[in-house]
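Please look through the sequence and the model shown here before reading on. The paragraphs that follow go from the whole chain to a few of its parts.

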Amino acid sequence: FQLCQLIEKDELVCFAARDPLRPAAPSPKLNIPYRAVKRIPENALRLTRSVVGEPASYLFEELKNWHIKRRIISKAINFGQEERVDCVWAVMQGKTIIISALAVASALNVPLITQIWDEPSWILTDTNLDRWSKRKVLKKFDDAISRSAICAAASWQMAKEYREKYKIKTVVFVGSLDEKMAVKPAGRLHNNAKLKIGFAGQLYAKEEWQALLLALDSVKWRIGGRDVAISLIGRFDKLKLPTSKVERLGYHTLKETIELLSQMDINYCPYWFDKKHEEIARTSFPSKLTSYLAAGRPMLFHGPRYASPARFLRENEAGVCCYSLQKKEIINCLSDLVLNEKKYSLLSHHGHRAFKKFLTFASQKREMQKFLNTVRPLIKGGPE
């Protein structure tokens, strides 16, 4: 919705291959032509591979391919013809769109522009695709990206890698906020008796989270003479809390979340160390990072050196990065923030600066203009 608002209403139509278990439609505020076709869920029969083996899984995926070709691609082409589209914008998230994007654009004889939120290999693995089907889908992905007029990547590192690999133009679409939502950067911790650590959003990196808890256990939840407490903002009803030092604050609106994060002393962002998640760690950019930097408090990134958030924070001197699961290293990084008031203030101000430069609606609008302006000369009858 946020990206679509940057496009004139009469320039946008929407065709959706919709998961029947997750009904969704464009916001009524957009008021654009819309058509949806039900698709087989990406994780349908998720246990097929593990229960009856890869051959059965492959046969099921071939059935899905037939369904996509007959039910999704053909209807998308008809919709595009009816609406006389000049370009196809495909968000390459999941098998259905990956194998449909280039086929639809080619049949309509219009340029294809693509957008990536997550590396496809991670999504396909998460839905338990067999290795033969995965190979075929990734080949479709490579074909679509290499023939895109431009690709919107999920991070600066992804944009760089895609430019080099596919020889295409790229822009960067990351989670962005209204600049007015940013809180004034802090100069020091809230008080001398307590250290409050905040976490917002979904908790994917479980091993890193456990390492933080064990590290704090090792110092009896005290750092720099302060008692440590962690506050979780979001839906954590099923997460077992190991100590009263960790509290659930529940779900809050984005504005409320930023306000709560600004009341913390340090905000924590864990990311996967394991090699299985190396590609997504290297190329993704978590939306919580935008909220953290808008909150005006320093953040602790806990993950590998090669991760996209780590690169961003290093380049902008906007946070402390802990590249280890070792208790001592985690405590040292936290202590560095607690005991060095000058560094604490500097990181807060640099984080605020990085937010204003890269993570606002204004910066997102500039990237969207590059995205659209690249394809306009390629449209039939468009400006040269």
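What percentage of the 384 residues in the protein do buried residues make up? Buried residues, meaning those under 20% relative accessible area (exposed is over 50% and partly exposed lies in between, with a 1.4 Å probe and protein chains only), make up 52% of the 384. This is a predicted model, in which local features need pLDDT of at least 70 and side-chain atom pairs count only at pLDDT 80 or more, while totals for chains, interfaces and linings use all residues. Residues are numbered from 1 along each chain as its sequence is written, and side-chain values use heavy atoms, with hydrogens and water left out.

The secondary structure comes to 14 helices and 13 strands, which are DSSP runs numbered from the N terminus (helices are H or I with at least four residues, strands E with at least two). The radius of gyration of the protein is 23 Å, which agrees with the value near 21 Å that a compact globule of 384 residues would have; the radius is taken over C-alpha atoms, and the globule rule is 2.2 Å times the number of residues to the power 0.38. Along the principal axes, the C-alpha atoms fill a box of roughly 65 × 55 × 40 Å.

One element to follow is helix H11 (residues 308–316), where Ser308, Pro309, Ala310, Phe312, Leu313 and Asn316 are buried. The buried residues of H11 pack against several elements, among them helix H6 (156–166), strand E12 (299–302) and helix H13 (341–358), with contact meaning heavy atoms within 4.5 Å. After H11 comes Glu317, whose phi is positive, near 50 degrees.

Another place to look is the second largest pocket, which holds about 300 Å³ of space. On a 1 Å grid over the protein atoms alone, a pocket is an open set of points where a 1.4 Å probe fits, with protein on both sides within 12 Å along at least five of seven lines, and lining residues have an atom within 4 Å of a point. Its volume is the space filled by probe spheres set on the points, which are joined across faces, edges and corners. Of the 18 residues that line this pocket, Asn65, Ile73, Ile99, Lys136 and Lys140 lie nearest its centre, and helix H2 (54–83), helix H3 (95–108) and helix H5 (131–146) each supply at least two residues of the lining.

Finally, Val219 is found in the loop between helix H7 (206–218) and strand E8 (222–223), and Val219 is partly exposed, with a relative accessible area of 26%.
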